[in-house]
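Dear colleague,

I am handing over the structure below, and I would be glad if you could look through it with the notes that follow beside you.

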Amino acid sequence: MVFSSLLFFFYFLPLTLLLYYIAPARLKNAVLFAASLVFYAWGEPVYVFLMLASTAFDYANGLLLDKFRERRGVARAILLFSLAGSLGVLGFFKYAGFVADNLNQWLGLSLSVPELPLPVGISFYTFQTMSYIVDVYRGKVAAQKNMLSFGLYVAMFPQLVAGPIIQYGEIARQLVARTVTFGQFGEGAALLVRGLAKKVLLANNIGLLWSDVKATPPDELTTFLAWLGIVAFAFQIYFDFSGYSDMARGLGKMFGFDFMGNFRYPYMSKSISEFWRRWHISLGSWFREYVYIPLGGNRAGLLRQSANLLAVWFLTGLWHGASWNFVIWGVYFGLFIILEKWLLLRLLQKVHAAVGYVYTLVVVLIGWVFFECASLPVAWQFLRAMFGFAGQGFMDNQALYYWSTNWLLLLVLAICSTPLPEKAAALLRDRRHLLGGAVAAAVHIGLLLLSTAFLVDETYNPFLYFRF
Amino acid sequence: MKDVVIVNKANPWEGPLVALLLVAFTGGILGWNLLAPDQSFSEAENRSLKQLPAFSVHSLVTGKLATEVEKYIADQFAAREFWVGLRSEVERALGKVERHGVYLGRDGFLLQKFTPPAPGDAEVKAAAIHAFADAVPSLRTYVMLVPTAQSVLADKLPPYVSGSGELVYRDEIRQLLDERIAFVDVYPALTAQRKQAIFYKTDHHWTTKGAFYAYQTLARQMGLEPQNEEDFRIETGSDAFYGSLYSKSGYRHVQPDSIELYVPRAAQTYSVEFVDEQRQSHSLYELDQLKRKDKYAVFLGGNHGLLHIRSDNQAKRKLLVVKDSYANSLLPFLVPHFAEIAVVDLRYYEGDVSRLAREQQYSDMLLLYNVQTFAEDPSILALAGQGQ
């Protein structure tokens, strides 16, 4: 099931809330866990068992680690066994076809791999269980003895299919005991509604523009339309993904959980390093914590640090999908980040701030071309169109049509990519009397009504993370 | 850049108010959806609504059940019509001028967007027509591909939208057809009358007036003496026609069309046999349909696989028409010119058309489609003789 659907908002959510809040405290985790299984099984009636199996697997490994924590050798073996298991499952379902294709092509083999659909959310929940096992091994967190609490950590529907990737320590205490006030519940509801509006009103609508541009052969694109198209995609993926994360956080709050923020105005960054501190923060933290730092991080000189960064960015790219274009996309960012560490950041500090913004946006936009064009020749052609080498001129009627029917939406998107709306809302909230609250509530219910209208008459509502 | 830290002094009212509203709204809709009886048909959208799918283990495991339940929920959603209208208003406010393949044009016109078919489509369709001509060489074959409003009234399209695609595709077909086939070009006649109401504003069809001008062109090309507009009494069948483009687009602010009927002043007697339905009639009109939603069905009562029109006139020629719904409003004009007219709609006809043509010894054949149906509809390939 996805959040941005009528089924979720008007059936699943009210019923789950009802059951959760009438259940006595000791049953609340069970209700939430059962609801999460229904949520997952709705779209993945078979793979729900895979998720349960990998949950049970690392639950058991966690207990074993706890039992053998004094014997480092055994503990290490358990750790490696668990990681091999998790990476094995991820590798089998996500990367087997990709690896086989490449081996076949380079070594002239003819391996064949069954073409299985990718289990939804597998990259998110395996990363969560791996973080748990590593943290138990390191002694950073205590092993979870209660199977239900652990199951809830992995399967909790708010963050199950598209993150944020929560490290166990962040919510260990909330899994056992949590309270929700009416105000917190409302704060969560508001976040949920804003997330829904981001996804349904903003991302889906501008996504239509990108899907039209993407359907045009890139050698027929004018320069203007190529830029318009990739800007549209940049907005689509940002509002889609951050909207999803907001919905996850909002839902979490409604059930008493506090998840980390996953996006912080990434398009307001002045360098690529900064962009990645603001984009999909939970993934960045994960790689930092479990790959970059274990590899030595920045403690062994700039050269070693650069190699570590390249490794991290290779993996970050690959995490987004089993395809070379994602690897290139990741390494591309890795190279800019290395360059920034060596030189660029110091240069950027000497020039006007605007240079930093423009530099970051251009690099990110070009990056999205690699992200979105699965085939390299197509990406190359698209870049040629962006830089005026496609021979189609700067502007034509098609480009004018898309501009004239989307500029207003683009303006809204641009404003919503900055903290301005949040600042305006903060002004409103500061008036601590009923009127301020009522206006804020009216805005939220308005967004909910509009989102409902867009869901009922739905034309285009993609789930973008099926390859993650 | 410094991190954006916005001091959020929570307004004590906001949280509880949003919480109450969200719970009341989602819970209220849930209750409404569960209690209200399901609808089977949407008048405004002119389509059957999805019903609760049957449960089976197979459909559950394959995920088909999930998809169908979600369609069911959307179709049976509380106050569906309100939401559809709301969405179209929001999109209009944002400056969008296209919904579900329909352009919101100038002067209240809705126009059907043309999507060119895959390359090679014209060749395949032309080959099917040639194969048919080869199979029944005695027929004089006329092909009329009618450009829709988006070509003829291209100035009604929204800014920067090109209406040339249809004509490009039609001319491609025209070039491919050999000299045995007479191509009937109604574009000049329609363009000449473009100031008149020759297309509906809310429907993808031409009006009776548009069909009439096309008929005149066709008759001349067939060597017949066309009737004039004075030969008819023009009656308004309905002035509250919200057509297919209204249904499809969701634009609810547009004005309705009126449907005009051309009633011949001279008496005509003919019979109409609806073969599949095993039914006879003495009229090409079904006036009851004017009370329903899809009022264009007043012509012939909609589309049928095969019907025969037999007249008591002195005409010698017999005509076979292979057509889409554009023909429905034009056929009445042809009645006095032919002793017999067989009308085949390949989308519903299951027989072999070339066999029908040979057995019944028609003298002429008219292939009449609007360009868009011709481009989209694969059933035309049945002309090549594989049957369906």
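In this predicted model, the contact between the two chains draws 49 residues from chain B and 56 residues from chain A. On the side of chain B that touches chain A, four helices of chain B, α1 (14-35), α2 (57-62), α3 (64-75) and α4 (80-93), each supply at least two residues, and α1(B) gives the most, with 14 residues. By class, the residues on that side of chain B comprise 32 nonpolar, 11 polar and 6 charged.

Chain B also holds an open sheet of 8 strands with mixed pairing, in the order β7-β6-β15-β13-β14-β12-β10-β11. Its edges are formed by β7 (181-184) and β11 (279-281) of chain B, each of which pairs on one side only, and neighbouring strands of the sheet are turned against each other by 20° on average, with direction ignored. As general background, the strands of a sheet pair through backbone hydrogen bonds, and they do so in either a parallel or an antiparallel sense.

Within this sheet, I would start with strand β14 of chain B, residues 340-344, which is mostly covered, since 4 of its 5 residues are buried. On one hand, β14(B) pairs with strand β12 (residues 306-311) of chain B in the antiparallel sense over 5 bridges, and in that pairing V343(B) of β14(B) is the bridge partner of L307(B). On the other hand, β14(B) runs parallel to strand β13 (residues 318-323) of chain B, to which it is joined by 5 bridges, with V344(B) of β14(B) serving as the bridge partner of V322(B). Strand β12(B) in turn pairs with strand β10 (residues 270-274) of chain B, in the antiparallel sense and over 5 bridges, and there H308(B) of β12(B) is the bridge partner of E273(B).

Turning to chain A, I looked at a pair of helices, α3 (residues 47-67) and α6 (residues 147-155), whose axes come within 10 Å and cross at roughly 125°. That angle makes α3(A) oblique to α6(A), and the crossing of α3(A) and α6(A) is right-handed. Where the two helices meet, M51(A), T55(A) and Y59(A) in α3(A) face M147(A), F150(A), G151(A), V154(A) and A155(A) in α6(A) as contact partners; the contact of α3(A) with α6(A) has 6 nonpolar and 2 polar residues, and no charged ones.

Finally, two backbone details may deserve your attention. In general, most residues other than glycine have a negative phi. H280(A), although not a glycine, has a positive phi of about 45°, and this residue is found in the loop between α11 (272-278) and α12 (281-292) of chain A. Is H280(A) buried or exposed? H280(A) counts as buried, because it has 21 C-beta neighbours inside 10 Å, where the cut-off for a buried residue is 20 or more.

The other case is H100(B), which is likewise not a glycine and has a positive phi of about 50°; its place is in the loop between β3 (98-99) and β4 (102-104) of chain B. H100(B) counts as partly exposed, because it has 14 C-beta neighbours inside 10 Å.

With kind regards

How values were computed: Residues numbered from 1 in each chain as written. Chains lettered and ligands numbered in written order. Predicted model: local features only at pLDDT ≥ 70, side-chain atom pairs only at ≥ 80, totals over all residues. Contact = placed C-beta atoms within 7 Å. Nonpolar A, V, L, I, M, F, W, Y, C, P; charged D, E, K, R; others polar. Buried ≥ 20, exposed ≤ 12 C-beta atoms within 10 Å, placed from the backbone. Pairing = 2+ DSSP bridges. Axes fitted to C-alpha atoms, helices over the stretch in contact; angles between N-to-C directions. Parallel < 35°, antiparallel > 145°, perpendicular 65-115°, else oblique. Left-handed = near helix turned anticlockwise from the far one by under 90°.
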